[in-house]
Amino acid sequence: MYRILTLLFITLIACSPKTSNLEVNKWETQAANVEIIRDDYGVPHVYGETDADAVFGLLYAQCEDDFRRVERNFTWAIGRLAEAEGEEAIYSDLRARLFMTEDEAKANYQSTPKWLEKLCVAWADGINYYLHTHPEVKPKVIKKYEPWMTMYFTEGSIGGDIERVSTRRIKEFYEREKVAVLDKPILKEGYALEEPQGSNGFAISGDLTESGNAMLLINPHTSFYFRGEVHVVSEEGLNAYGAVTWGQFFVYQGFNENTGWMHTSTYTDVIDDFKETIIEKEDGLYYQYGDEERPVEVKEVILKYVEDGEMKEKTFPVYRTHHGPITHEVDGQWTATALMWEPVKALEQSYVRSKKKNLEEFNEMMDIRTNSSNNTVFADSEGNIAYYHGNFIPIRDVQFDYTKPVDGSNPQTDWQGLHPVEEAITVMNPPNGWIQNCNSTPFTSAAEYSPKKEDYPNYMSRIPENFRGVNAIRLLSETENLSLDGLIDLAYNPYLPAFEKVIPGLIEAYDAVGDQSLSEEIELLRNWDFKTGVESKAMSLAHFYGMMLYREGDIPGNLEGMERFEFFGTDMPMGERVGIFQLAIEEMDRRYGTWIIPWGEISRFQRISGDIDASFDDNAASYPVGLTTARWGHLAAYGMRGKHDVNKIYGTRGNSFVAAVEFGDRLVAKTLLAGGQSSDPNSPHFDDQAEMYAKGEFKDVAFYREDVEARAEETYTPGKR
């Protein structure tokens, strides 16, 4: 009888263009098992009887807070963005389909274990029930969400590795057009250089804390409003708090009562290009692989795009070898791109991570090995701290240079499985009592107890040190008797190590050149302590000088990162240093009418709309912000991306969701979210954290049920708000 009813239910859904009564009844029944408590900052605390109930409520709550970001993330992920944004997005869509077609996504979904399948169904039902109960919300592309769609978006960094595959190269190959392949920003392209990406993660053992408990700093540097703050609980053991990327059903960066996890972007080599030797025959295309001639897999993809209100189509062939899809040409050879693509396992790992109770269980979870785009900083209530540099790490033959495309016809270049966790770069409970990663080298992650570079294959980490890492090491090396507020203070330390040589180098050049017209400006910098702050006029001068060095400096092409600042301060011709400083002053005069201006009058926080593409207005209200770009080594990163017709610097990325967590008999945590929880300008939680954010003032987390109820602003079941 159950099977007959199930088949009847599926038939009704398939035949009806509208939501069926059977579906609505199903959603309402599940909604009755869910309770959402909004606290005094609008954070949703979602309680469900089962994990599936909690997921249902979590997606409903996310849609309430920012449906447009939920929608866009999945429209992007499944390769249908051009249907909303036009033909310019079609190569993003093609990239998504190169790695997985809709049929393949459905096949992957069919292979999910039953427990995960229930969560995927609850995910779709939660979104669909929101749309059903909010008929005024009109989806742009996806009218109904299906469980198989979760297969496209299985890591918390939307797209994960796939975003690193160039859409320009895809266009060049599939359109046969010669377009400029520019995968890195040009330094002299306008004044607003791209704000760096990155994150900070610190784990502190109880030996260095006031309470004797381990602590964790969760400090992702993403675009603002990229993730919401949530708390999701079930009677099946789920109790996770933290940041969720809009549209996903797991806490991506966060903590439960016993463990906490912070992800920083990894620079482990997890993507490789294979140049294929293509052979054309009468019956199709083949590629050379050793002594074999293997058939190239060829499929056809039809993509839609909107143009002048009309939906149009383009058809593309899709080529694939066992290495991966053909994404571009190198030296005239078709080139396949290999990356981690295990959607079921990746989704499983992302979810079960949030239910682990200690380091031993966390290690077991990490052995799934599908967290490909991240490093992980960890702490737990047993006092353990740990660091994992990468997770998905293909084994390769080190005689080949995988920083460049390798010969796909040579079987020796193939990946040879994955390194187990114990072979990867890891740190467990180092005697120094702290671990840090700021997208910097793992070989300084725990001072003298850090892993040794010579013990690992070179493809495991090529990333050098950066100024945030230098700053973190300096601060953590001096740490003792740390409180939770002390951890926050450490994370917001105003010191900027990038200027340690740049500013003395400028002063040296000025003293040598003797341009008296700059004496007042130079004296301001001569007395500067290299710290940022809203009242600092020297900070304003230093920032514009640093940016102008990037824009106008004649930088040797082989210098990257910290080496550039060494060059700016010691090797750049003295006359050039002074000349560029003069240009910086002229730029400030042009924009502000003076160079004598406090940093807080330039660096501002403003949120005036809930649009995905932020806009700013110099004449509208905003808050002064003492933070600055990570480029200068500032741990609490703050910067502006994109071109905006404004003179002031308004943050668009950097510190977004930040959490400081202390584990022990009873968890204690503090968090801060850029702006507020809701994207609706009419909501009291649209900008209720804006001034707090500008000042770096954190709120206490309501984690335990009694605390949540004490701070409850609103309690409801989905559909009954």
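Which residues point one way from β27, and which the other way? Let's work through that and a few related exercises on this predicted model.

**Exercise 1: the two faces of β27**

Sort the residues of β27 by the way they point, then work out how enclosed the strand is.

*Solution.*
Step 1. Start with one face: Phe657, Ala659 and Val661 point one way from β27.
Step 2. Now flip to the other face, where you'll find Val658, Ala660 and Glu662.
Step 3. Check the burial on both faces: these residues are all buried, and yes, that includes Glu662.
Step 4. Put it together. Strand β27 covers residues 657-662, and six of the six are buried, so the rest of the structure largely encloses it.

**Exercise 2: the neighbours of β27**

Find the strands that pair with β27 and say in which sense they run.

*Solution.*
Step 1. Look at strand β4, residues 215-223: it pairs with β27 in the antiparallel sense, over four bridges. To pin this down on screen, find Leu217, which sits opposite Ala660 in β27.
Step 2. Go on to strand β28, residues 668-673. Six bridges join β28 to β27, and the two run antiparallel.
Step 3. Trace the chain between β27 and β28: five residues lie between them, and the two strands form a hairpin.
Step 4. Pick out facing residues in this hairpin. Glu662 has Val668 of β28 as its bridge partner, while Phe657 stands opposite Leu673 in β28.

**Exercise 3: on to β28 and β29**

Is β28 mostly covered or mostly open, and which strand pairs with it over two bridges?

*Solution.*
Step 1. Count the buried residues in β28: five of its six are buried, which leaves the strand mostly covered.
Step 2. Then look for the partner. Strand β29, residues 699-700, pairs with β28 in the antiparallel sense over two bridges.
Step 3. Zoom in on one facing pair: Thr671 stands opposite Lys699 in β29.

**Exercise 4: the cysteines**

How many disulfides does the structure hold, and how far is Cys120 from the nearest cysteine sulfur?

*Solution.*
Step 1. The count of disulfides is zero.
Step 2. Take Cys120, which is in no disulfide: the nearest cysteine sulfur belongs to Cys63 and is 16 Å away. A disulfide needs the two sulfur atoms within 2.5 Å.
Step 3. Check burial using the cut-off, under 20% relative accessible area. Cys120 has 0%, so it counts as buried. Cys438 also has 0%, so Cys438 is buried too.

Conventions: Residues are numbered from 1 along each chain as its sequence is written. This is a predicted model: local features need pLDDT of at least 70, side-chain atom pairs count only at pLDDT 80 or more; totals for chains, interfaces and linings use all residues. Side-chain values use heavy atoms; hydrogens and water are left out. Buried means under 20% relative accessible area, exposed over 50%, partly exposed in between (1.4 Å probe, protein chains only). Two strands pair if DSSP finds at least two bridges between them.
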